[in-house]
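Please open the model in a viewer and keep the selection tool at hand. The tour below moves from one selection to the next.

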Amino acid sequence: MKQSEIKGLSTADLKSKLEELKGNYASLKLAHGISPIENPLQLRTIRRTVARLSTELATRD
């Protein structure tokens, strides 16, 4: 998710997207711990997107 897309979201949308991605990241990390996932770079991209969303929420408060 690009920064320009994140800036266009409302605060409620940011919070819901953040919770969704955190859950997705946790499940992917667990799956990767059990057996390697097909694309391990997904973990990095999701982690970075979570950081972008968190940063945007922090700047709006």
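Begin by selecting R48, which has its place in helix α3. The model is a predicted one, and the values given along the way are computed from it. R48 counts as partly exposed because its relative accessibility is 47%, a value between the limits of 20% for buried and 50% for exposed.

**The positive patch**

Keep R48 selected and add K29, R44, R47 and R52. Together, K29, R44, R47, R48 and R52 form a positive patch on the surface. Which helix gives the most to the positive patch? The answer is α3, with four residues.

**The whole chain**

Next, clear the selection and display the entire protein as a cartoon. Three helices and zero strands make up the secondary structure, and the order of elements from the N terminus is α-α-α. Turn the view along the principal axes: the C-alpha atoms fill a box of roughly 40 × 15 × 15 Å. Of the contacts with a separation of 6 or more, 64% are between residues 24 or more positions apart.

Now switch to a surface display. The protein exposes about 4,400 Å², and 54% of this area is supplied by carbon and sulfur atoms. Of the 61 residues, 23% are buried. If the surface is coloured by charge, there are 11 positive and 7 negative side chains to find. The centres of these two sets lie 7 Å apart.

**A buried leucine**

Return to helix α3, which covers residues 41-60, and select L43 within it. Is L43 buried or exposed? L43 counts as buried because its relative accessibility is 11%, and the cut-off for buried is under 20%.

Show the surroundings of L43 as sticks. Apart from neighbours within four places in sequence, L43 is in contact with Y25, L28, K29, H32 and I37. One of these contacts, K29, has already been selected as a member of the positive patch. For a sense of distance, add A12, which is 31 residues from L43 along the chain. The C-alpha atoms of L43 and A12 are separated by 24 Å.

**The salt bridges**

The last stop concerns charged pairs. Side chains of opposite charge can pair when their charged atoms come close. How many salt bridges does the structure hold? There are two.

Select K7 and E56 to view one of the pairs. K7 forms a salt bridge with E56, and their closest N and O atoms are 3.6 Å apart. This pair links distant parts of the chain: K7 belongs to helix α1 (residues 3-7) and E56 to helix α3, with their positions 49 residues apart. The two partners fall into opposite classes of accessibility. K7 counts as exposed because its relative accessibility is 52%, whereas E56, at 9%, counts as buried.

Leave E56 selected and add R60. The side chains of R60 and E56 meet in a salt bridge, with an N to O distance of 3.0 Å. Both R60 and E56 lie in helix α3, four residues apart, which is about one turn of the helix. R60 is partly exposed, with a relative accessible area of 30%.

Finally, display K7, E56 and R60 together. Salt bridges with shared partners join K7, E56 and R60 into one network.

Terms used
Residues are numbered from 1 along each chain as its sequence is written. This is a predicted model: local features need pLDDT of at least 70, side-chain atom pairs count only at pLDDT 80 or more; totals for chains, interfaces and linings use all residues. Side-chain values use heavy atoms; hydrogens and water are left out. Helices (H or I, at least four residues) and strands (E, at least two) are DSSP runs, numbered from the N terminus. Buried means under 20% relative accessible area, exposed over 50%, partly exposed in between (1.4 Å probe, protein chains only). Contact means heavy atoms within 4.5 Å. Accessible areas come from the Shrake-Rupley method with a 1.4 Å probe; for residues, only the protein chains shown count as cover. Lys and Arg count as positive and Asp and Glu as negative; His and the chain ends are not counted. The place of a charge is taken as NZ of Lys, CZ of Arg, CG of Asp or CD of Glu. Patches are made of residues with over 30% relative accessible area and no salt bridge: like charges are joined within 9 Å, nonpolar side chains (Val, Leu, Ile, Met, Phe, Trp, Tyr) within 5 Å. A salt bridge is a side-chain nitrogen of Lys or Arg within 4 Å of a carboxyl oxygen of Asp or Glu.
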